[in-house]
Amino acid sequence: MKVPGKMLPKIIGFIVRKPVTVLYPKQRLTPPETLRGKMKFHLDRCISCGLCARDCPSAACTMHEIDGKKRPVFDLDYCTFCAQCAESCPKDAIEMTSEFELAHYKKGEAIVK
Ligand code: SF4
Ligand code: SF4
């Protein structure tokens, strides 16, 4: 079979190059700090203003009264990880983390409150 001369350097390059992928989940890369994964909610900072729920585009963030205090509850089944809730919060009570492994078996199991 005739190998076109122009392709040969590229083929050799691909053979000797280190793979850009890893054998996940056995091998893991560190996600960037800017990755928008599961949010962390700081109850002590929350003033119950409801801006996070008002601005959430997918209704994943809703206000609930828990232990006598109105506070947001996040349902990750609906969340698009846009971070608008964190952006809207005037008290930095919502922090987006780089936690991205959020698979679960049943609907409603991924709740952050
Ligand atoms: S990250 Fe976006 S979609 Fe998810 S709860 Fe916050 S505002 Fe809603
Ligand atoms: S925007 Fe911030 S302070 Fe206001 S209810 Fe949401 S988490 Fe609490």
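Two strands count as paired when DSSP finds at least two bridges between them. With that in hand, welcome to this predicted model, whose protein chain holds three helices and five strands. Six bridges join β2 to β3, and one of the pairs to look for is I66 with its partner K69 in β3. The notes below go from the overall outline to the sheet, the core, the two ligands and a few backbone details.

**Overall outline**

- Reading from the N terminus, the elements of the protein chain come in the order α-β-α-β-β-α-β-β.
- The radius of gyration of the protein chain is 22 Å, whereas a compact globule of 113 residues would have one near 13 Å.
- Along the principal axes, the C-alpha atoms of the protein chain fill a box of roughly 75 × 30 × 20 Å.
- Burial is counted for 12% of the 113 residues in the protein chain.
- If you take the contacts between residues at least 6 apart in sequence, 68% of them join residues at least 24 apart.

**The sheet**

- Three strands make an open sheet in the order β2-β3-β5, and the pairing is antiparallel.
- At the edges sit β2 (61-66) and β5 (111-112), each of which pairs on one side only.
- Strand β3 covers residues 69-75 and runs antiparallel to β2, with six bridges joining the two.
- Two positions help you follow this pairing: M63 has P72 of β3 as its bridge partner, while I66 has K69.
- On the other side of the sheet order, β3 and β5 run antiparallel and are joined by two bridges.
- For that pair, look at F74, whose bridge partner in β5 is V112.
- As a reminder for viewing, side chains in a regular strand alternate between the two faces of the sheet.

**The β2-β3 turn**

- The hairpin of β2 and β3 has two residues between its strands, and D67 there takes a positive phi near 50°.
- D67 is a residue other than glycine, which makes its positive phi one to inspect on screen.
- Is D67 buried or exposed? D67 is exposed, because 6 other C-beta atoms lie within 10 Å and a residue with 12 or fewer counts as exposed.

**The nonpolar core**

- The largest nonpolar core has 13 residues, and C52, C56, C61, C85 and I94 are those with the most contacts inside it.
- Two elements, β1 (39-41) and α2 (51-55), give two or more residues each to this core.
- What does C61 touch, once residues up to four places away in sequence are set aside? The list is C52, A53, C56, P72, F74 and C85.
- Two residues on that list have appeared already in the sheet: P72 is the bridge partner of M63, and F74 pairs with V112.

**The two ligands**

- Ligand 1 has 13 residues around it, of which C56, C79, C82, Q84 and C85 come nearest.
- By class, the shell of ligand 1 has ten nonpolar, three polar and no charged residues.
- Ligand 2 is surrounded by 13 residues, and the closest are C46, C49, C52, C89 and A93.
- The shell of ligand 2 has nine nonpolar, three polar and one charged residues.
- It is worth colouring the core and the ligand shells together: C56 and C85 are listed for the core and for ligand 1, while C52 is listed for the core and for ligand 2.

**The loop between α3 and β4**

- P90 sits in the loop between α3 (84-88) and β4 (94-96).
- P90 counts as exposed because it has 10 C-beta neighbours inside 10 Å, and the limit for that class is 12 or fewer.
- Beyond its neighbours within four places in sequence, P90 is in contact with C49 and L51.
- The C-alpha atoms of P90 and R45 are 9.5 Å apart, although 45 residues separate the two along the chain.
- D92 has its place in the loop between α3 and β4 too, and phi of D92 is near 55°, a positive value in a residue other than glycine.
- With 9 C-beta neighbours inside 10 Å, D92 counts as exposed.

**A cis peptide bond**

- Which residues does the cis peptide bond join? The bond lies between Y24 and P25, with omega about 10°.
- P25 belongs to the loop between α1 (8-16) and β1.

Note on methods. Residues are numbered from 1 along each chain as its sequence is written. Chains are lettered from A and ligands numbered from 1 in the order in which they are written. This is a predicted model: local features need pLDDT of at least 70, side-chain atom pairs count only at pLDDT 80 or more; totals for chains, interfaces and linings use all residues. Helices (H or I, at least four residues) and strands (E, at least two) are DSSP runs, numbered from the N terminus. A residue is buried if 20 or more other C-beta atoms lie within 10 Å of its own, exposed if 12 or fewer, and partly exposed in between; C-beta atoms are placed from the backbone. Two residues are in contact if their C-beta atoms, placed from the backbone, lie within 7 Å. A residue is near a molecule or strand if its C-beta atom, placed from the backbone, lies within 6 Å of it. Ala, Val, Leu, Ile, Met, Phe, Trp, Tyr, Cys and Pro count as nonpolar, Asp, Glu, Lys and Arg as charged, and the others, Gly among them, as polar. The radius of gyration is taken over C-alpha atoms; the globule rule is 2.2 Å times the number of residues to the power 0.38. A nonpolar core is a set of buried Ala, Val, Leu, Ile, Met, Phe, Trp, Tyr and Cys residues joined through C-beta atoms within 7 Å.
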